Amino acid sequence: MMLLSILRSVLDFAPPLILAALGGVVSERAGVVNIGLEGMMRVGAFFACWGAFASESAWIGVLCGLLAGAGFAAVHAFVSIHGRADQVVSGIALNLVALGLVTFLLEAVFGTTGVAPAQTLPELPLLLGRSPYTYLALVAPFAMAALFRYTVPGLRLRAVGEHPHAASTLGVSVARVRWAAVLASGALAGLGGSALSIAILHRFDNKMPAGMGFMALAAMVFGKWRPVGALLASLFFAFGHASVDVVRSAMPKTGPMSEAHLDGILMAAPYLLTLLLLGGFVGRAVPPAADGVPYDPEAKH
């Protein structure tokens with residue numbers, strides 16, 4: 001029973017993490033660091049909730065979340081690609097903007113700064129008890145891997161992320177490829193955020209996504225910037241999260257264990273696991289050669 005409970009929790013927690021991690025992969029394989037996944041997930045979760053609430057359709061909510069993530073990513077693309085600004089700083093700024101913007105919109109639209117709306121949102125149809133997000137998250141990494149390996153757009157994206165000047169001499173528009181990659185990254189992160197509000201909680205919580213965007217970044221690095229690697233890393237993190245949830249629910253409410261205040265430590269355990277893995281692993285992970293390097297067509301190379 002405990003194993004089944006963990007498996008169910010993994011299937012709930014993993015889809016938004018996998019989708020956001022894939023967003024990080026597609027952006028960074030094109031050479032643009034996307035620290036703003038957390039903010040893109042946040043706006044995606046909110047606008048998905050808003051869209052579903054206003055239209056009374058979960059599918060329209062999903063579409064709104066996807067478009068909101070892509071729209072937010074467009075800001076990052078403009079600043080990073082055309083402005084050639086520091087991509088890390090741009091991503092951090094977007095996360096902060098998303099934090100304030102969504103809090104403002106939540107109060108303006110729903111009149112609260114906590115959880116909204118009061119009633120649950122319309123639900124997506126289920127297949128074998130799981131939402132479409134679960135199946136999409138399990139299939140998308142393999143589709144993306146095939147895209148990178150076997151298609152011309154995928155080869156161009158990889159070339160731009162490794163040797164942008166060489167790709168440019170072959171007629172590839174570096175800016176256009178990077179724009180497409182960052183928009184796709186935001187759409188995937190927004191889709192991941194929409195999974196939180198549409199498929200998991202059926203509401204929007206102002207704490208969303210509660211650091212999941214940063215865990216997605218860790219999964220991307222742990223998966224060596226590869227779609228299937230990001231999938232496996234996300235499942236690993238989801239397993240750790242699910243295991244902690246099971247332990248927390250099994251802890252006695254009274255007695256010496258409850259007085260030890262272990263609940264807070266257990267809540268932080270998935271993030272500590274992420275930190276430990278990155279600390280021991282990130283030094284050996286090699287990102288794409290041009291990752292985080294603004295492209296200047298007139299620069300010497």
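**Helix H3, its neighbours and selected loops**

H3 is followed by Arg-84, whose phi is positive, near 55 degrees. The model is predicted: local features need pLDDT of at least 70 and side-chain atom pairs count only at pLDDT 80 or more, while totals for chains, interfaces and linings use all residues. Residues are numbered from 1 along each chain as its sequence is written, and side-chain values use heavy atoms, with hydrogens and water left out. Helices (H or I, at least four residues) and strands (E, at least two) are DSSP runs, numbered from the N terminus.

**Exercise 1.** Place Arg-84 and state how accessible Arg-84 is.

Solution. Arg-84 sits in the loop between H3 and H4. Arg-84 is not a glycine, yet its phi is positive, about 55 degrees. Its relative accessibility is 40%, so Arg-84 counts as partly exposed (buried is under 20% relative accessible area, exposed over 50%, partly exposed in between, with a 1.4 Å probe and protein chains only).

**Exercise 2.** Compare the span of H3 with the expected span.

Solution. H3 has 25 residues. The expected span is 1.5 Å times one less than the number of residues, here 36 Å. From first C-alpha to last, H3 reaches 35 Å, close to that value.

**Exercise 3.** Describe how H3 passes H4 and H8.

Solution. Axes are lines fitted to C-alpha atoms, for helices over the stretch in contact, and angles run from 0 to 180 degrees between N-to-C directions.
- The axes of H3 (residues 58-82) and H8 (residues 174-200) come within 6 Å and cross at roughly 145 degrees. By class, this contact has 16 nonpolar, eight polar and one charged residues (Ala, Val, Leu, Ile, Met, Phe, Trp, Tyr, Cys and Pro count as nonpolar, Asp, Glu, Lys and Arg as charged, and the others, Gly among them, as polar).
- The axes of H3 and H4 (residues 87-110) come within 10 Å and cross at roughly 150 degrees. H3 and H4 are therefore roughly antiparallel (angles over 145 degrees; under 35 is roughly parallel, 65 to 115 roughly perpendicular, the rest oblique).

**Exercise 4.** Why is H9 largely enclosed by the rest of the structure?

Solution. Nine of the 11 residues of H9 (residues 212-222) are buried, so H9 is largely enclosed. Among the buried residues are Met-212, Met-215 and Val-221.

**Exercise 5.** Which residues does a cis peptide bond join before H9 and after S1?

Solution. One joins Met-208 and Pro-209, with omega about 0 degrees; Pro-209 is in the loop between S2 (204-205) and H9. Another joins Ala-116 and Pro-117, with omega about -5 degrees; Pro-117 is in the loop between S1 (115-116) and H5 (132-150).
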